[in-house]
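Grab a pencil and keep the viewer open. Here is a set of short exercises, each with a worked solution to check yourself against.

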Amino acid sequence: MKTILKFALSGAFIAAGVSQAAAHATFVNSTVTEESTSVIALQVPHGCDGKATTEVQIKLPEGFVFAKPQPKPGWELEVIQGAYAKTYDNCGEKATSGPVEIRWKGGNLPDAYYDTFNIQGKVSGIAAGKTLAFPAVQLCGTDGKVAWDQIAPEGTNPHSLKSPAPTLTVTAKNAGGHDEHAGMDMSGMNMAGMSMGGGASSAHDDVVKAGDLEVTGAFTKAMLPGQPVGGGYFTIKNNGKADDKLVSITSPVAGMVEMHEMAMQGEVMRMRRLDGGIAIPAGKTVELTPGGLHLMFMKVKEPFKAGGAVQATLTFEKAGKVDITLPIEAAGPSGAKP
Ligand SMILES: [Cu+2]
């Protein structure tokens with residue numbers, strides 16, 4: 001076991017040494033189709049002079065709209081909202097603002113490894129043949145920084161740049177191509193199929209009891225293919241006289257389930273993991289909703305399909321374990337139902 005790990009590591013070092021000059025931050029796939037929604041994956045090839053990467057920032061160019069980052073275990077997320085130069089149409093919804101920068105923070109990516117950071121978005125209003133540049137920055141603790149922010153002027157060779165911004169070339173749409181729904185606009189914060197808005201509650205009226213606690217209205221949302229994360233939502237009412245706390249969650253369909261909090265701070269949407277659990281005070285009702293507190297199913301092997309259901313086991317500090325079923329609603333805005 002030890003030998004294998006050592007071998008793998010030295011292999012990585014050799015690879016890094018040989019291709020140092022080429023080891024820029026780039027996208028896994030270098031093209032995107034015009035007027036379509038796709039997932040782009042930023043590869044971060046190494047740290048800052050041997051230091052581990054702890055933050056990755058990427059600016060989204062005009063024409064890459066309705067962006068939704070993929071949450072990563074161990075990293076907090078920030079989505080910075082801003083004005084678009086143009087008005088974009090997302091399945092009939094007009095948007096003049098949305099995410100303009102994504103930041104994964106507080107993680108730890110050792111220098112000897114690479115990782116990818118995924119964003120789903122729609123390319124809109126950009127002609128085939130054009131190039132989109134996504135200036136990116138890696139931070140390594142408080143004193144390390146690598147900026148991938150140089151943009152070659154139109155018609156010049158980006159290979160001459162020392163630290164080029166990752167780019168995507170827009171390609172022509174195939175005849176008969178079908179545009180996927182790009183989810184809702186991020187002014188309503190939608191991540192990994194989570195959407196914000198009042199209409200999210202649904203007709204799932206099952207009441208699950210655990211001691212003095214009542215769990216109702218559980219649901220999750222369908223996931224797009226290739227997206228290994230999904231949200232979980234429900235309401236917990238504490239009818240007792242003692243405070244309780246949701247301390248952990250497991251599910252047979254997810255490698256791990258985290259408790260998350262999403263909140264807007266000015267123009268920045270932040271999503272972070274709650275390591276201390278979710279308090280359920282005596283006599284109070286706590287709601288897990290898209291856009292607020294929620295469960296995050298991670299390392300999901302099979303994307304959730306609308307019409308199905310997800311099983312999960314909640315563990316409370318006092319009430320103990322309880323099994324719940326989360327029906328899978330269709331993805332998209334405001335609690336659309338299958
Ligand atoms: Cu989350």
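One term before we start: two strands pair if DSSP finds at least two bridges between them. Keep in mind, too, that this is a predicted model.

**Exercise 1. Find the bridge partner of Thr 31 in strand 12, then place both strands in their sheet.**

Start with the residue: Thr 31 has Thr 169 as its bridge partner in strand 12. Next, look at the pair of strands around that bridge. Strand 2 and strand 12 (residues 167–171) run parallel, with 3 bridges between them. Now widen the view to the sheet, which is open, has 3 strands in the order 2-12-9 and shows mixed pairing. Its edges are strand 2 (31–33) and strand 9 (131–133), each of which pairs on one side only. From one strand to the next, the twist averages 35 degrees.

**Exercise 2. Work out the strand order of the open antiparallel sheet with 4 strands, and say which strands stand at its edges.**

The order is 1-3-8-5. Strand 1 (26–27) and strand 5 (64–69) are at the edges; each has a single partner strand, so one side of each has no neighbour in the sheet.

Then go through the pairings. Strand 3 (residues 36–44) and strand 8 (residues 115–123) are antiparallel and share 9 bridges. To get your bearings there, find Val 44, which sits opposite Asp 115 in strand 8. Strand 5 also pairs with strand 8 in the antiparallel sense, over 4 bridges. Here the residue to look for is Phe 64, opposite Val 123 of strand 8.

One last check concerns strand 5: is it mostly covered or mostly open? Mostly covered, as 6 of its 6 residues are buried.

**Exercise 3. Trace the two partners of strand 17 and describe the turn that leads to strand 18.**

Take strand 21 as your starting point. Strand 17 (residues 254–265) and strand 21 (residues 293–300) run antiparallel and are joined by 7 bridges. Within that pairing, Glu 261 has Leu 293 as its bridge partner in strand 21.

Now move to strand 18 (residues 268–273), which is antiparallel to strand 17 and joined to it by 6 bridges. Gln 265 is bridged to Val 268 of strand 18. The two strands make a hairpin with 2 residues between them, and Gly 266 in the turn has a positive phi of about 65 degrees.

**Exercise 4. Locate the largest nonpolar core and say where it lies with respect to the domains.**

This core has 36 residues, and those touching the most other members are Leu 42, Ile 58, Val 65, Ala 67 and Ala 136. Which strand supplies the largest share? Strand 7 (residues 93–109) does, with 5 residues. Both domain 1 (24–173) and domain 2 (198–329) contribute residues, so the core lies between them.

Zoom in on Ile 58 next. Beyond its neighbours within four places in sequence, Ile 58 is in contact with Leu 42, Glu 101, Ile 102, Phe 134 and Ala 136. There is also another core, apart from the largest one, with 33 residues, including Phe 234, Met 296, Leu 326 and Ile 328.

**Exercise 5. Decide whether Ala 95 and Gly 240 are buried or partly exposed.**

The cut-off you need is this: 20 or more other C-beta atoms within 10 Å make a residue buried, 12 or fewer make it exposed, and anything in between is partly exposed.

Ala 95 belongs to strand 7. Ala 95 has 20 C-beta neighbours inside 10 Å, so it counts as buried. Its C-alpha is 9.2 Å from that of Val 65, a residue 30 places away in sequence.

Gly 240 sits in the loop between strand 15 (230–238) and strand 16 (244–250). Gly 240 has 15 other C-beta atoms within 10 Å, so it is partly exposed. Leaving out neighbours within four places in sequence, its contacts are Gly 211, Asp 212 and Ala 282. The C-alpha atoms of Gly 240 and Gly 283 are 6.1 Å apart, with 43 residues separating them along the chain.

**Exercise 6. Step back and sum up the chain: how many helices and strands does it have, and what share of it is buried?**

The count is 1 helix and 23 strands. Of the 338 residues, 38% count as buried. Finally, take the contacts between residues at least 6 apart in sequence: 72% of them join residues at least 24 apart.

Conventions. Residues numbered from 1 in each chain as written. Predicted model: local features only at pLDDT ≥ 70, side-chain atom pairs only at ≥ 80, totals over all residues. Contact = placed C-beta atoms within 7 Å. Core = buried A, V, L, I, M, F, W, Y, C linked by C-beta atoms within 7 Å. Domains from an automatic or database assignment. Axes fitted to C-alpha atoms, helices over the stretch in contact; angles between N-to-C directions.
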